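Trainee: Please take me through one part of this model closely. I would like to start from a single strand and its sheet, then see how other parts are packed.

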Amino acid sequence: MKKLILFLLLTGGALMAFKSSKQSVSPEDHYLHKADSVLALMTLEEKIGQLNLPAAGDFTTGQASSSNIAEKIKAGKVGGLFNIKTAAKIKDVQRVAVEESRLGIPLLFGMDVIHGYETIFPIPLGLSCSWDMNLVKQSAQIAAKEASADGINWTFSPMTDIARDPRWGRVSEGSGEDPYLGAQIAKAMVHGYQGDDLSQNNTIMACVKHFALYGAPEAGRDYNTVDMSRQRMYNEYFLPYKAAVEAGVGTVMTSFNEVEGIPASANKWLMTDVLREQWGFDGFVVTDYTAINEMIAHGIGDLKTVSALALKAGVEMDMVGEGFLTTLKTSLEEGTISEKQIDNACRLILIAKFKLGLFDDPYKYCDLERSENEIFTSENRSIARKIAAQSFVLLKNEGNVLPLKKEGTIALVGPMADNAENMTGTWSVAGRFKESISLMQGIKNAVGNNVNIVHARGANIVADSLLESRVSVFGKPTYRDPRSEEELIQEALAASKNADVIVAAMGESAEMSGESSSRSTIELPANQRRLLKELAKTGKPIVMVLFTGRPLAIQWENEHIPSILNVWFGGSEAGDAIADVLFGKVNPSGKLTATFPQNTGQIPIYYNHKNTGRPLPEGQWFQKFRSNYLDVPNEPLYPFGYGLSYTSFEYGDITLNQNELSGNQTLTASIALTNSGQYEGAEVVQLYVRDMVGSITRPVKELKGFQKVNLKAGETTEITFELTKEDLKFYNHSLDFVFEPGEFEIMIGTNSQELSKSKINWKE
């Protein structure tokens, strides 16, 4: 600690000298001056070292000094580490940095805390379907509390990529297809992780990703090329990233894809012109895993060239690839880059460390008592259960099969019926998989001895064993059954013979979606569908509990299965949360944030599309020489915003405070909402707007507001939205953010298709 104390005295003295000039010091100037005080003490090699973010690799507590990474840390060649877990191990490594390197600069410790730390919440796509920003924020707060108690001070979340092609596996990690909703969730997540003060030890620094456009790869194939107009970028895909920046996100991660022919990690227009100059981002930019090195395969240069391009574009930290570490000194000597560019990158990383309070106490996140008492607690798990139940979407409930009664015999079949490890879904790296609650356990917990539960597997996840091996990774086995498909089906039919109801747990396994998990077809696996067909022949009521990390094309299932509950991957408490909904303890209120297509061929399909010059009239099919298919209607299977309840809601007509507005007036749009059913329930009331005429073509509708309200049976309330012309602005062809006067259609309803409509005229 002696070096650190001397170091702090030096930085403190510089700051006091600055203050003595009697100038007022803003918080940003305060951190800037501290960082510059450190920068003045650093060698070129130490500055470059701060730009290096290797993966840690695991080691036994107490052996950090002898680990492979230790020598680089001692030499000042590491700015942070990720993929290391537990407060004890992190404290060990931090001690090497603080007490055995020349200047004692503390390290950042990052991890993919995506939807929870050890207490896992629903996958982000599922979480977004709650449409509840308080719950979204709370999930991030608990994740930050747990991660910070175990040594982590930086998370690579939230992912705010707009995704409209569910073949892309990482749709599971985002918030769906809509820019407005995505922006609200981005802000809630950033505020949840970072709180109001990053120096508090129960907050962590967030990282918005992947900048930019990562969710729009050609063919839905991960890492693939992205190409779109700037109008589309600004009006649709940029909004959630920008919202995260406005919320004060500490870091931004580059995406793997190219943008306008230049890989994002070397794209100066993105990283400097847009991110810093237009949006005012003042944190630092980190690449994704080896993204700098991967630009070689993109074909824009060797490692030295692409590393220099990344630095000049506005990238400050190199994740894993060590291109900065091994080439920047040579590039500086050759005049390709400047020391000023290196200084600026290093300065921003130092500022982040000051904001986190690491210079004041490098071990502030290494409190062993906190790690023992604040992680995976019963309180956190109880909240996770509540949030999971709010994320489920009831897709169909013909004949009111749900909620189930706690009596008789239930046949529980399907490959996801008894698999605790898969409940947490993808990107749950710190989760306690084996301690998660399976669907079978959740049902048993709910019904006790009142119900006879007969279990049969019925099917494997997929028929192809080689394919199944690709999706049973990261400690989440699928428990493949070696019996034939026919044997499994017959066992399920035998289990169902005397059952009053069949609960079929079907769909994907946890890692069937996520990174590098693209699918060319998104139907239910054929062997699972065969099982369902045989079960349907029994004539017994069936509830399909659908596990998935993406929208699926389940047209046959929708036509033949009376009740479908989409549960995504609900996290640590998934089984109990599913049982809460199945038996009516919780009335489902989730609404889809991504459109479900009728078949894979409709992709991409999303609600806020543009019209063509030959649009098909709404609700019709087929007309020759119109924009439609020969073999399937244009309509989705389930639209954006869709979700049923055990109760029913009735909407009145829209009431406007005025039909003619001008200038800075405010439009008030109201609608009566009545719970006309027999259960208390929550409804997400959605407001959409259509700009009827624009200088560039405009979407057929855009989400501009939503409210989630709870009503008792028979209760009526009035829902009111306010709009100003700021809400109606868009980026025109010149990329000016403008309001264009004219006619607008105002729509309010239960989803993006079932809407009451009214029109207004808004003058300049």
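Mentor: What follows starts at one strand and then moves to other strands and helices. Keep in mind that this is a predicted model.

Start with strand 21, which covers residues 681–691. It belongs to an open sheet of five strands, ordered 19-27-26-21-22. The pairing in that sheet is mixed. Strand 19 (660–662) and strand 22 (702–711) are the edge strands, and each pairs on one side only. From one strand to the next, the twist averages 25°.

Now look at the pairing of strand 21 with strand 22. The two run antiparallel and are joined by nine bridges. Find Tyr 688 and look across: Leu 703 in strand 22 stands opposite.

Next, take two residues of strand 21 in turn. Val 689 lies in this strand. Is Val 689 buried or exposed? Its relative accessible area is 3%. The cut-off for buried is under 20%, so Val 689 counts as buried. Its contacts beyond four places in sequence include Lys 701, Glu 702 and Lys 704. Leu 723 and Leu 728 also touch Val 689. So do Phe 744, Glu 745, Ile 746 and Met 747. Lys 759 is 70 residues from Val 689 along the chain, yet their C-alpha atoms are separated by 9.5 Å.

Asp 691 is the other residue to check, and it too lies in strand 21. Its relative accessibility is 6%, so Asp 691 counts as buried. Leaving out residues up to four places away in sequence, Asp 691 touches Arg 698, Phe 730, Glu 743 and Phe 744. Phe 744 is also among the contacts of Val 689.

Now turn to strand 12, residues 409–413. Five of its five residues are buried, so the strand is mostly covered. In a regular strand the side chains alternate between the two faces of the sheet. In strand 12, Thr 409, Ala 411 and Val 413 point one way. Ile 410 and Leu 412 point the other way, and all are buried. Strand 12 pairs with strand 13 (residues 452–456) in the parallel sense, over five bridges. One place to see this is Thr 409, whose bridge partner in strand 13 is Asn 452.

Strand 12 also leads to a helix. It is among the elements that cover the buried residues of helix 21. Others in that cover are helix 20 (485–496), strand 14 (501–507), strand 15 (542–547) and helix 22 (555–560). Helix 21 spans residues 526–536. Its buried residues include Asn 527, Gln 528 and Arg 529. Leu 531, Leu 532 and Leu 535 are buried there as well.

Helix 14 (residues 323–333) can be read in a similar way. Its buried residues are Gly 323, Phe 324, Thr 327, Leu 328, Ser 331 and Leu 332. Seen down the helix axis, they fall within an arc of 140°, so they line one face of helix 14. On the other side, Thr 326 and Glu 333 are exposed. The cover over the buried residues includes helix 3 (44–50), helix 12 (291–298) and helix 13 (303–313). Strand 10 (318–319) and helix 15 (339–355) are also part of that cover. Just after helix 14, Gly 335 takes a positive phi of about 80°.

For a helix pair, go to helix 7 (residues 133–149) and helix 8 (residues 179–194). Their axes come within 7 Å and cross at roughly 35°. The crossing is right-handed. On the helix 7 side, the residues that meet helix 8 include Met 133, Val 136, Lys 137 and Ala 140. Their counterparts in helix 8 include Leu 181, Ile 185, Ala 188 and Tyr 193. By class, this contact has 10 nonpolar, five polar and one charged residues.

Finish with another open sheet, this one of three strands in the order 5-6-9. Its pairing is parallel. Strand 5 (207–211) and strand 9 (284–286) are the edge strands, each pairing on one side only. The twist here averages 30° from one strand to the next. Strand 6 (residues 251–254) and strand 9 run parallel, joined by three bridges. At Thr 251, the bridge partner in strand 9 is Phe 284.

Definitions and conventions. Residues are numbered from 1 along each chain as its sequence is written. Side-chain values use heavy atoms; hydrogens and water are left out. Helices (H or I, at least four residues) and strands (E, at least two) are DSSP runs, numbered from the N terminus. Buried means under 20% relative accessible area, exposed over 50%, partly exposed in between (1.4 Å probe, protein chains only). Contact means heavy atoms within 4.5 Å. Two strands pair if DSSP finds at least two bridges between them. Axes are lines fitted to C-alpha atoms, for helices over the stretch in contact, and angles run from 0 to 180 degrees between N-to-C directions. A crossing is left-handed if the near helix is turned anticlockwise from the far one by less than a right angle, and right-handed if clockwise. Ala, Val, Leu, Ile, Met, Phe, Trp, Tyr, Cys and Pro count as nonpolar, Asp, Glu, Lys and Arg as charged, and the others, Gly among them, as polar. The arc is that of the directions from the helix axis to the C-beta atoms.
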